[in-house]
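Biologist: Please take a close look at one part of this model, and then follow the chain from there. I would like to know what lies at the surface and what is packed inside.

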Amino acid sequence: LAGAFINMVFGVLVFAFLYTWAGAVPATLPHPRVDEVIQNSPAQKAGFVQGDEIISLNQTAAKTSAAFIERIQTLRGKQVEIVVLRDGKNATLNPYVRTEKETPDGQGGLGIVMVDTELRRYPAWQMPFYGIVQGGKDSYMFSKMILETLGKVVVDLVSSGKVTRSP
């Protein structure tokens with residue numbers, strides 16, 4: 001257990017060093033943010049601009065860009081109501097969501113690029129502290145992913161009966 005703990009601490013310190021050296025740490029946004037609006041897209045025609053925060057889609061809260069995209073896929077060929085936060089005020093936009101056939105390759109139904117995180121910069125003397133916090137989160141996330149994957153491998157091996165038992 002002590003070895004695993006030291007490995008976790010080492011991971012935190014490595015991430016903290018990297019974030020401090022880079023001068024920025026990733027921060028999760030409260031809502032998906034429009035990073036780019038494709039020209040001649042339904043989003044551009046409806047009035048989307050870079051920096052809009054997507055608050056809701058048809059009165060359902062938009063928590064992540066993945067959830068928003070999943071919901072938009074079910075509304076192809078329809079006009080939707082999207083509330084965005086722009087310059088501290090809510091604005092309601094009503095774009096048409098293109099059907100699969102109407103959508104150009106490499107684009108989605110609306111024609112926007114969204115992000116869920118941003119890089120935040122802090123004064124140099126604060127960066128090690130923010131780096132340690134973010135490093136702890138990242139180390140925990142990677143450790144959890146590794147343990148879940150190993151658990152699935154063990155379960156699959158045991159359930160398939162391919163695990164040999166020593167006499």
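Modeller: Trp-21 is exposed, with a relative accessible area of 68%. The model is a predicted one. Trp-21 belongs to helix α1, which covers residues 2-22. Together with Phe-10, Val-14, Phe-17 and Leu-18, Trp-21 makes a nonpolar surface patch of about 600 Å². An α-helix has 3.6 residues a turn, so residues three or four places apart point the same way.

Helix α3, residues 65-73, has buried residues to look at as well: Ser-65, Phe-68 and Ile-72. Seen down the axis of α3, these buried residues fall within an arc of 60 degrees, so they line one face of the helix. Ala-66 and Glu-70, on the other side of α3, are exposed; the cut-off for that word is over 50% relative accessible area. The buried residues of α3 pack against four strands: β1 (25-37), β2 (53-57), β4 (82-86) and β6 (112-120).

One of those strands, β4, leads on to a further pairing. β4 and strand β5 (residues 89-93) run antiparallel and are joined by five bridges. Val-84 has Ala-91 in β5 as its bridge partner. The hairpin of β4 and β5 has two residues between the strands, and in this hairpin Asp-87 takes a positive phi near 55 degrees.

To return to the starting point, Trp-21 is an exposed residue in the nonpolar surface patch, whereas Phe-68 and Ile-72 are among the buried residues of α3.

Technical notes. Residues are numbered from 1 along each chain as its sequence is written. This is a predicted model: local features need pLDDT of at least 70, side-chain atom pairs count only at pLDDT 80 or more; totals for chains, interfaces and linings use all residues. Side-chain values use heavy atoms; hydrogens and water are left out. Buried means under 20% relative accessible area, exposed over 50%, partly exposed in between (1.4 Å probe, protein chains only). The arc is that of the directions from the helix axis to the C-beta atoms. Contact means heavy atoms within 4.5 Å. Patches are made of residues with over 30% relative accessible area and no salt bridge: like charges are joined within 9 Å, nonpolar side chains (Val, Leu, Ile, Met, Phe, Trp, Tyr) within 5 Å. Accessible areas come from the Shrake-Rupley method with a 1.4 Å probe; for residues, only the protein chains shown count as cover. A salt bridge is a side-chain nitrogen of Lys or Arg within 4 Å of a carboxyl oxygen of Asp or Glu. Two strands pair if DSSP finds at least two bridges between them.
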